[in-house]
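Hi everyone, thanks for making time. I'd like to walk you through a structure that may be new to you, so have it open while I talk.

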Amino acid sequence: MIGYWVLAFMVGYTALLIYLGQVSRKKITGGESYFSGGSSFGVLYIVGSVSAFWGAATFISVLETAYTKGISAVWYGVATMIMVAMIGFVLVPKYKSIGMVTFSGVLGDQYGNTVRAISSLIIGITFPMFSIATVVGASSVLTVALHWPIWLSVTVTSLIILAYVLLGGMFAVGITQLLNLATMYLGLVLALVIVAVNTGFDKLATLPASYSAPFTVGTGTILVWIFNFLTNAVIAQAVIQMIMACKDAKTGRKGTGIAILGIIPLTVIPAILGMATALAVPDVKGGLIAFAQYILQAAPAPVAALVFLGVWAAALAYAGPCQFSGGTSLGKDFFQSINENASNEQLVRYGGYATALLTGVLIVYGFMRAEQAAWWNIFAFNLRNSAVFAPTIAALVWPVASRRATIMTMILGASAGFTWYYLGNFSPAAFYMKVHPMWIGMSVGILTLVLVSIVENRKKISISFEKNSGFGFLCLALTLLCAYLTAAYTSVLQVTGLLGNLIFLATMGLFTVAIIFVHFKKEDAPVRSSA
């Protein structure tokens, strides 16, 4: 019986999504507005887009973690909210001022079409990896309710996303995010009622003491979450592309600020649900599967189906913007690097082809390592951040970075991260020397960019101590301190899982020193071309 209810709600929901996509199509006024929403989004659309996107990832991750680690899982949501605050209050004004749509576009404008092509390919192929992690997690409930294999759930979800995104572009993403957010809230509230009626919140106190302890997940893990999200804030293209659809920077900041409040329920309620599930259905491999089993046992079929619809909406809310943003980079930017004179209409068509291609890639990923969602996430973060992080910062604030150095950074950074992942046998949990490969890749990328740029431009640059010198010397001291601690306490840091963070801090400190002190001489400042 539950299967019929779930299918009925999914069909109805899909029809509504496609209808909204068709309605959104009428708002498209030109090629650029397809990708940017015509820079017309108000506060409500920004709130819905950001809350749904990061709330979905938080919802799935917190519930899964809370099943085994208890209330300390909320730190994942805290880390997410810190990242969103950094994006909204620090980065949005800068990105809005340069008309940013994609990072591959920004890098291409700064360093030329070769960099545009490489970065768009990297960003394009990694977005389905980000999508698969959340889609696989959310598909667990479909596996329990409908007895579908993971690959079928991924295929159906991917094709539905393609249908409504292609119709209305960024406008479709914006309006469907509002619907997905409302559906997630509905599912969570219903699940909370089910817990209150069947289990009772007071019985959560009977769980082992570790479930109520604030740091059960581990202080090292918490620091890694926060650190990881702070670095990711700089290049979180999918959510930044949605925020950049705002009317102006003030609207973007306000919408992002309110969105942080919207993420709070998507952090706290899943933690409670995960703990209640651990009490009612213990010893199941996978918190989301156990949660689905719990809801099936405790709720009438129509109510359970609505809860499952809320979980499925989370997959749509995260994967939809990822697929669209990846398609924007791969379609708009890659083909623009090949044909600089392509019209906006052609770029929209290429973007549609690319989004369809990435849908196929996402489905293929569903057949490969579908049971290891974390593997895809780590591989994607490693590849994208290692290649794109340092060049993006340089494009924004350090003109000394050269085109050759940027290309070498992308190649060597990604290669270093991949090699480190290989040394750990591509394990999503047991990294080589307990260091996340992303920190190695990003550190190699930063060092490559700084050293090659300085060597290449050595006759055109000078050292200046005029502006922000105090902060520069502070960063230099931090760099030296981190380097000393890394060398002196390698074993201790390795055990705690913080060795990679400290290595990255040292290289990031060096990068900041270069940004503050190393400048072109006025007469040698280059003019960028698109060659």
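**A walk through the chain**

Okay, so buried residues make up 60% of the 531 residues in the protein chain. Before we go on, keep in mind that this is a predicted model.

What is the chain built from? We have 20 helices and two strands in the protein chain. The radius of gyration is 23 Å, close to the 24 Å that the globule rule gives for 531 residues, so the chain is as compact as a globular protein of that length. If you rotate the C-alpha trace onto its principal axes, the spans come out at about 75 × 55 × 40 Å.

Now, contacts. Take the ones between residues at least 6 apart in sequence: 86% of them join residues at least 24 apart. On the outside, the protein chain exposes about 20200 Å², and carbon and sulfur atoms supply 69% of that. As for charges, there are 27 positive and 14 negative ones, and their mean positions are 2 Å apart.

Let's move on to the aromatic rings. How many aromatic pairs does a search of the whole structure find? The search turns up 39. One of them is formed by Tyr 76 and Phe 229, and this pair is edge-to-face, with 5.3 Å centre to centre and 85 degrees between the planes. Tyr 76 sits in helix H4, residues 74–97, while Phe 229 sits in helix H8, residues 219–233, so the pair ties together parts that are 153 residues apart in sequence. Are these two buried or exposed? Both Tyr 76 and Phe 229 are buried.

There's also an aromatic cluster to find on your screen. Its members are Tyr 365, Trp 375, Trp 376, Phe 379, Phe 418, Tyr 421, Tyr 422 and Phe 426.

Next, a couple of single residues inside helices. Gly 326 lies in helix H13, which covers residues 301–338. With 0% relative accessibility, Gly 326 counts as buried. What does Gly 326 touch, if we skip residues up to four places away in sequence? The answer is Gly 124, Phe 127 and Leu 358. For a sense of distance, the C-alpha atoms of Gly 326 and Thr 231 are separated by 19 Å, and those two residues are 95 apart along the chain.

Then go to helix H18, residues 469–488, where you'll find Thr 486. Why does Thr 486 count as buried? Its relative accessibility is 15%, and the cut-off for buried is under 20%. Again leaving out residues up to four places away in sequence, Thr 486 touches Leu 493, Leu 499, Leu 502 and Ile 503.

Last stop, the loops, and a bit of backbone geometry. Most residues other than glycine have a negative phi. Asp 283, though not a glycine, has a positive phi of about 60 degrees. Where is Asp 283? Look in the loop between helix H11 (265–280) and helix H12 (287–298). Asp 283 counts as exposed, at 79% relative accessibility.

Asn 425 isn't a glycine either, and its phi is positive too, at about 60 degrees. You'll find Asn 425 in the loop between helix H16 (403–423) and helix H17 (437–456). Asn 425 is exposed, with a relative accessible area of 68%.

That's my tour, thanks for listening!

Terms used:
Residues are numbered from 1 along each chain as its sequence is written. This is a predicted model: local features need pLDDT of at least 70, side-chain atom pairs count only at pLDDT 80 or more; totals for chains, interfaces and linings use all residues. Side-chain values use heavy atoms; hydrogens and water are left out. Helices (H or I, at least four residues) and strands (E, at least two) are DSSP runs, numbered from the N terminus. The radius of gyration is taken over C-alpha atoms; the globule rule is 2.2 Å times the number of residues to the power 0.38. Buried means under 20% relative accessible area, exposed over 50%, partly exposed in between (1.4 Å probe, protein chains only). Contact means heavy atoms within 4.5 Å. Accessible areas come from the Shrake-Rupley method with a 1.4 Å probe; for residues, only the protein chains shown count as cover. Lys and Arg count as positive and Asp and Glu as negative; His and the chain ends are not counted. The place of a charge is taken as NZ of Lys, CZ of Arg, CG of Asp or CD of Glu. Rings of Phe, Tyr and Trp (its six-membered ring) pair if their centres lie within 6.5 Å; planes under 30 degrees apart count as stacked, over 60 as edge-to-face and the rest as tilted.
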